[in-house]
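This report describes a protein model for a reader who works at the bench. It begins with a single residue and then turns to the overall fold, the cores and the aromatic contacts.

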Amino acid sequence: MAVHHSLALTDASCSDDDRDMRTGKKQTWLCGLLQYLSMYGTGIAYTITTSTSMRAIKKSDCYHKEGHEAPCAYGDNFYMLMFGLVQIVFSQIPDFHNMAWLSILAAIMSFSYSFIGFALGIAKVIGNGRIKGGIGGIHVATPAQKVWRVSQALGDIAFAYPYSIILLEIEDTLKSPPPENKTMKKASMISIFITTFFYLCCGCFGYAAFGDDTPGNLLTGFGFYEPYWLIDFANACIVLHLIGGYQVYSQPVFSFVDRWFSAKFPNNGFVNNFYRIKLPLLPPYRLNLLRLCFRTLYVATTTGLAMFFPYFNQVLGLLGAFNFWPLAIYFPVEMYFIQRKIEPWTKGWIVLQSFSAVCLLVSIFALVGSVEGVLAEKLS
């Protein structure tokens, strides 16, 4: 698991001083806690996003049949409950995290809806015959609203790069040869380049297509109505991607809880006993009561919080702002200092600490704005 893996890395790099080792372990456990909290938050975000896409499919079909001005209104709660039920079942599948096909399917779905969003943005710009919007961004009533919008946008951008949350999980799966660090560096560069390319293309062409009327989600905000079947397909790809993605982020938490309880209560039957159950048309299933209870409760709480705060952009911004500085900046910088044995107050140390401080301020700014956005939506 990520915590144990990073703990080994940290301990191997620390000095022999006991206090330094204790500090390193505390930081490692804090990093692990934030990592698992981030995975939990991602489950909430994926529940909201999936229900939004499922609702968008229904609305797209309604608009196609009844016209673009039809009152095609559908709630989110039903789709969130459906998603939650699916995840409860999937969370009980043994060795779900070892299914290689899941990553392949997720990649195909991701490329599919990204290409569709990109292509629809280009088509809309060509159809308009001009580029909408401006360098100043969307116009709002007051400077204060502009500040809040900018801060929420920074949080959304931070959430768009969640890769630091599962970085150590990915490292745990690497094998050599070739050397793991070379494989990781190459994979990181390629993934960041491709991700940035699609984000910029979808974001820029979406804004160029709609200007001030740009929806928060191009494929669910109905900037596009036709071809409706293509909108449906893109949203179906999102749903399939996030059904698997929820498990990708949840399985590390499940494994950690299983191991922790097993080590803490080695003789407890509730924790360690498995009961063989024969299901029709399926191989025998080994039921564990701890897994059944904890994983069901985990999915139920993410679903419940998503239903209580069903605000797509605001929740994504909040989670992105919360995760960004500690997981993507602070801990990597601290580990780099230890690995490269960089002394305090050297040139490299000052540059990286300054960079970390600036990112901290940006994260605080984004966090405050995102909290304001969630509260404003909840109270409105």
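## A starting point: Ile194

In which helix is the place of Ile194? In this model, which is predicted rather than determined by experiment, Ile194 belongs to helix α7, an element that covers residues 180–210. With a relative accessibility of 29%, Ile194 counts as partly exposed, because that value falls between the 20% limit for buried residues and the 50% limit for exposed ones. Although 83 residues of sequence separate Ile194 from Phe111, the C-alpha atoms of the two are 9.9 Å apart in space.

## Overall fold

The protein contains 12 helices and 2 strands, and its elements, read from the N terminus, follow the order α-α-α-α-α-α-α-α-α-β-β-α-α-α. Of the 380 residues in the protein, 40% are buried. The accessible surface amounts to about 21300 Å², and carbon and sulfur atoms account for 68% of that area.

When contacts between residues at least 6 apart in sequence are considered, 77% of them join residues at least 24 apart.

## Nonpolar cores

The largest nonpolar core consists of 26 residues, and those with the most contacts inside it are Tyr113, Ile116, Leu120, Leu219, Tyr246 and Tyr298. At least two residues of this core come from each of α2 (18–66), α3 (77–91), α4 (100–128), α8 and α10 (289–308), and α8 provides the largest share, with 13 residues. In soluble globular proteins, nonpolar side chains tend to be buried together.

Tyr298 illustrates the contacts of one core member: leaving aside residues up to four places away in sequence, Tyr298 touches Met39, Tyr40, Tyr246, Ser250, Val253 and Phe254. Another core, of 12 residues, lies apart from the largest one, and its members include Ile44, Phe159, Phe312 and Val374.

## His241 and its partner in helix α4

Is His241 buried or exposed? His241, which is found in helix α8 (residues 228–264), has a relative accessibility of 16% and therefore counts as buried, the limit being 20%. The side chain of His241 makes a polar contact, at 2.9 Å, with the side chain of Tyr113, a residue that is also listed among those with the most contacts inside the largest core.

Beyond residues up to four places away in sequence, His241 touches Ala106, Met109, Ser110 and Tyr113. Helix α4 spans 100–128, and these four contact residues carry numbers within that span.

## Aromatic pairs and a lysine over rings

Across the whole structure, a search finds 22 aromatic pairs. One of these joins Phe261 and Phe265, whose rings are stacked, with 6.0 Å from centre to centre and 25° between the planes. Both partners count as partly exposed, Phe261 with a relative accessible area of 27% and Phe265 with 37%. Elsewhere, Phe111, Phe115, Phe118, Phe197, Phe198 and Phe205 form one aromatic cluster, so that Phe111, already met as the residue 9.9 Å from Ile194 between C-alpha atoms, is also a member of this cluster.

Which rings does Lys378 lie over? The charged end of Lys378 sits over the ring of Phe308, at 3.7 Å from its centre, and Lys378 also lies over the face of Phe309, where the distance to the ring centre is 5.7 Å.

Definitions and conventions:
Residues numbered from 1 in each chain as written. Predicted model: local features only at pLDDT ≥ 70, side-chain atom pairs only at ≥ 80, totals over all residues. Heavy atoms only, no water. Buried < 20%, exposed > 50% of the residue type's maximum accessible area, 1.4 Å probe, protein only. Contact = heavy atoms within 4.5 Å. Areas by Shrake-Rupley, 256 points an atom, 1.4 Å probe, with all protein chains shown as cover. Phe/Tyr/Trp six-rings, centres within 6.5 Å; stacked < 30°, edge-to-face > 60°. Lys NZ or Arg CZ within 6 Å of the ring centre and 35° of its normal. Polar contact = N/O pair within 3.5 Å; in protein donor to acceptor, adjacent residues only side chain to side chain. Core = buried A, V, L, I, M, F, W, Y, C linked by side-chain atoms within 4.5 Å.
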